Amino acid sequence: MSTEQKPDFELPPSNALRVYRWADLPNLTAPALYRITDPGQEPREIYASKHKRQVLEGLMRSPLFAASYCRLSDQVLPLRRDDGVNIECKMYRGDADTGRQKYGIYFLVSKVELIQANEVAA
């Protein structure tokens, strides 16, 4: 019989990005078309631009800390509600960097593919 005890909480993923400013996210703000795919549903297409696109592109690269100086939730909510993107927020305990007892990390659950981007050369 094992005496090893499991902790009552998970550790967050080591690749989770803490966003202090919009520049911490991909610098992609021009309108772009994405395909969203979820099991048991028909794929659908959405457009995203500005901060909404930055958050979507960020989530495509890594999980994002929910508590952010940029108020990521203002972009996550419409992606979930209006566009049907499945974004999960998992809760964790004991943020060593901020001292918070509880904190959340956003995870992209839907499969998201970039179809077309209208990037402007700088």
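This report walks through the strands, helices, cores and aromatic pairs of the structure above.

The model is predicted, and residues are numbered from 1 along each chain as its sequence is written. Local features need pLDDT of at least 70, side-chain atom pairs count only at pLDDT 80 or more, totals for chains, interfaces and linings use all residues, and side-chain values use heavy atoms, with hydrogens and water left out.

## Strands and helices

Let's start with the open sheet. Its three strands come in the order S3-S5-S4, with antiparallel pairing; two strands pair if DSSP finds at least two bridges between them. Helices (H or I, at least four residues) and strands (E, at least two) are DSSP runs, numbered from the N terminus. Strand S3 (64-65) and strand S4 (87-93) are the edge strands, each pairing on one side only.

Helix H1, residues 50-61, packs on this sheet and touches S3, S4 and S5. Its direction makes about 90° with that of S5. Axes are lines fitted to C-alpha atoms, for helices over the stretch in contact, and angles run from 0 to 180 degrees between N-to-C directions. Helix H2 lies across S4 and S5, and runs at about 135° to S4.

Strand S5 (residues 102-108) is joined to S3 by two bridges, while seven bridges connect S4 and S5. Opposite Leu 64 stands Tyr 106 in S5, and opposite Phe 65 stands Ile 105. On the S4 side, Ile 87 has Leu 108 as its bridge partner in S5. S5 is mostly covered, with five of its seven residues buried. Buried means under 20% relative accessible area, exposed over 50%, and partly exposed in between (1.4 Å probe, protein chains only).

Strand S1 has antiparallel partners too. The table lists its pairings, with the residue that stands opposite Tyr 34 in each case.

| Strand paired with S1 | Bridges | Residue opposite Tyr 34 |
|---|---|---|
| S2 | five | Ile 46 |
| S6 (residues 111-117) | six | Leu 114 |

S1 and S2 form a hairpin with six residues between them, and Gly 40 in the turn has a positive phi of about 75°.

## The nonpolar cores

Which residues have the most contacts inside the largest nonpolar core? They are Tyr 34, Val 55, Leu 56, Leu 72 and Val 85, in a core of 20 residues. A nonpolar core is a set of buried Ala, Val, Leu, Ile, Met, Phe, Trp, Tyr and Cys residues joined through side-chain atoms within 4.5 Å. Strand S1 (32-37), strand S2 (44-48), H1 and H2 each give two or more residues to this core.

Tyr 34 touches a long list of residues, among them Ile 46, Leu 56, Met 60, Val 112 and Leu 114. Contact here means heavy atoms within 4.5 Å.

A second, separate core has six residues, including Ala 16, Phe 65, Tyr 92 and Phe 107.

Leu 79 is a good residue to look up in helix H2 (residues 73-81). Leu 79 counts as buried because its relative accessible area is 0%. Not counting residues up to four places away in sequence, its contacts include Ile 46, Val 55, Leu 56 and Val 85. Leu 79 and Ile 46 are 33 residues apart along the chain, and their C-alpha atoms are separated by 9.3 Å.

## Aromatic pairs and charges over rings

The whole structure holds three aromatic pairs. Rings of Phe, Tyr and Trp (its six-membered ring) pair if their centres lie within 6.5 Å; planes under 30 degrees apart count as stacked, over 60 as edge-to-face and the rest as tilted.

Why is the pair of Tyr 20 and Tyr 69 stacked? The ring centres are 5.8 Å apart and the planes are at 25°, so the pair is stacked. Tyr 20 belongs to the segment before S1 and Tyr 69 to the loop between S3 and H2, 49 residues apart. Tyr 20 is partly exposed at 44% relative accessibility, whereas Tyr 69 is exposed at 69%.

Phe 65 and Tyr 103 are also stacked, because their ring centres are 5.7 Å apart and their planes are at 15°. Phe 65 lies in S3 and Tyr 103 in S5, so this pair ties together parts 38 residues apart in sequence. Both residues, Phe 65 and Tyr 103, are buried. Together with Tyr 92, they are linked by ring pairs into a cluster.

Finally, Arg 18 lies over the face of Phe 65, at 4.0 Å from the ring centre, and Lys 90 lies over the face of Phe 107, at 5.6 Å. A charge sits over a ring if NZ of Lys or CZ of Arg is within 6 Å of the ring centre and within 35 degrees of the ring normal.
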